[in-house]
Amino acid sequence: MGVLNRESQEIHAKIAYVGPEGSGKTTNLEFIQRKLKKSQVGELQTDGNGSAGTEALSVRLGKIRDFSTYFELQTIPSSPETLDRRREIVATADGIVFVADLRPEHHDATADALEELESILRERDLDFDDVMIVVQYNHRDEVDENALDGLCRRLGLDSETSFEACAKDGTGVLQSLTTLSKLVLAKIRHDASATAVEASAAKTVIRETEQAPVAVDADIEEAVQSIEDTTLDALTPLPPEKSLRVESAGPVEGTDAELVIPIRLLDDETGRSTELRIRVSIGES
Ligand SMILES: Nc1nc2c(ncn2[C@@H]2O[C@H](COP(=O)(O)OP(=O)(O)O)[C@@H](O)[C@H]2O)c(=O)[nH]1
Ligand SMILES: [Mg+2]
């Protein structure tokens with residue numbers, strides 16, 4: 001579960017990508033790895049192969065006040081014999097991206113995966129109030145509206161936040177992660193304040209005569225409070241490469257010894273153009 005460590009001034013949280021085989025869990029992590037700045041994301045770590053394999057990715061959200069904040073993303077393996085591993089990953093997760101597969105022939109597997117997830121949580125007396133969840137309806141590019149409506153109705157996760165996605169081109173991937181990150185951080189904040197209140201209340205009991213007000217730990221409270229207001233810079237995708245194109249070139253001027261080629265470059269994004277004059281010296285070879 002999420003850790004807010006005041007001594008090391010770090011917050012660590014885990015996000016599990018859960019869903020049936022082929023729904024797009026690995027593709028989510030691959031996209032995030034490619035898209036985030038290298039200083040904020042590690043290498044994709046793989047463990048095992050095929051449907052028994054899992055991937056993990058470390059993401060550094062940066063400093064929030066004085067707290068360095070880290071998220072560990074992890075995919076579950078899909079094959080039936082890896083149930084224990086799925087249990088372990090789900091049990092230690094603070095948040096879950098449930099990757100649903102919209103392709104009609106995968107609706108059964110998606111419903112089964114959700115049922116298994118809920119039963120793993122129930123075994124530990126947990127539900128989606130304890131473990132934050134967002135639902136990602138993936139493979140959206142391959143299906144029509146009917147498939148989306150059908151699967152939504154079947155899963156019945158109406159009160160959970162959901163996104164339509166095409167993980168293959170990244171649509172919906174960062175939205176799912178940023179939304180879940182905020183939910184998870186808000187939960188860690190809530191739990192940290194609750195713990196501080198309990199600790200303070202305990203102190204009051206020991207010092208029976210003292211009428212101390214129940215004070216939450218101001219440092220923790222302030223640090224986690226700011227999380228919700230903070231834009232998660234690390235999760236902002238890199239801007240596309242600047243696209244300059246040659247709008248016009250020439251006419252070439254010059255002499256036998258030197259040519260001057262005027263070139264006008266146009267920045268498609270801003271509409272600004274820049275004039276360059278390239279001089280080419282012609283010497284004896
Ligand atoms: N067309 C399409 N293909 C996708 C999408 N998401 C994943 N895929 C492809 O589906 C296959 C299975 O995805 P993968 O991430 O390995 O599934 P996993 O078993 O959940 O890890 C891969 O070939 C992906 O490229 C999507 O939204 N649209
Ligand atoms: Mg996979």
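## A tour from helix 5 to the ligand

Start by selecting S176: its side chain reaches the backbone oxygen of G172 at a distance of 2.6 Å. Keep in mind as you go that this is a predicted model. S176 has its place in helix 5, which covers residues 173-206. Switch on a surface and look for this serine: is S176 buried or exposed? S176 counts as buried because its relative accessible area is 0%, and buried means under 20%.

**Along helix 5**

Next, select V173, which is also found in helix 5. V173 has a relative accessible area of 0%, so this valine is buried. Now add N28 to the selection and draw a line between the two C-alpha atoms. V173 and N28 are 145 residues apart in sequence, yet 6.1 Å apart in space by that C-alpha to C-alpha distance.

Stay on helix 5 and move to D191, which has its place there too. With a relative accessibility of 33%, D191 counts as partly exposed, because that class runs between the 20% limit for buried and the 50% limit for exposed. Show the side chains here: that of D191 makes a polar contact with the side chain of H190, at 3.4 Å. Then add L4 to the view. D191 and L4 are 187 residues apart along the chain, and 9.6 Å separates their C-alpha atoms.

**Two loop stops with positive phi**

Leave the helix and select D125, in the loop between helix 3 (107-123) and strand 7 (132-138). If your viewer offers a Ramachandran plot, pick out this residue: phi of D125 is near 60°, a positive value in a residue other than glycine. How does D125 count by accessibility? D125 counts as exposed, because its relative accessibility is 71% and exposed means over 50%.

Now follow the chain to H139, found in the loop between strand 7 and helix 4 (145-155). Phi of H139 is near 65°, again a positive value in a residue other than glycine. H139 has 14% relative accessibility and therefore counts as buried. Put the two stops side by side: D125 is exposed, whereas H139 is buried.

**Into the ligand site**

Finally, select ligand 1 and show the residues around it. Which of them come nearest to ligand 1? There are 15 residues around the ligand, and G22, K25, T26, T27 and D141 come nearest. Colour this shell by residue class and you will find three nonpolar, seven polar and five charged residues. Colour by secondary structure instead, and helix 1 (residues 25-35) stands out: this helix gives the largest share of the shell, three residues.

Three distances are worth drawing here:

- From G24, a backbone N or O atom lies 2.9 Å from an oxygen atom of ligand 1.
- From A167, a backbone N or O atom lies 3.1 Å from an oxygen atom of the ligand.
- From E142, a polar side-chain atom lies 3.2 Å from a nitrogen atom of the ligand.

On its own, ligand 1 has 580 Å² of accessible area, and the protein covers 73% of that. For a last view, hide the ligand and turn on the pockets: the space that ligand 1 takes is the second largest pocket.

Conventions:
Residues numbered from 1 in each chain as written. Chains lettered and ligands numbered in written order. Predicted model: local features only at pLDDT ≥ 70, side-chain atom pairs only at ≥ 80, totals over all residues. Heavy atoms only, no water. Near = heavy atom within 4 Å. Polar contact = N/O pair within 3.5 Å; in protein donor to acceptor, adjacent residues only side chain to side chain. Areas by Shrake-Rupley, 256 points an atom, 1.4 Å probe, with all protein chains shown as cover. 1 Å grid on protein atoms, 1.4 Å probe; cavity = no way out; pocket = protein on both sides within 12 Å on 5 of 7 lines; lining within 4 Å. Sits in = over half its atoms within 2 Å of the grid points. Helix = DSSP H or I, 4+ residues; strand = E, 2+ residues; numbered from the N terminus. Nonpolar A, V, L, I, M, F, W, Y, C, P; charged D, E, K, R; others polar. Buried < 20%, exposed > 50% of the residue type's maximum accessible area, 1.4 Å probe, protein only.
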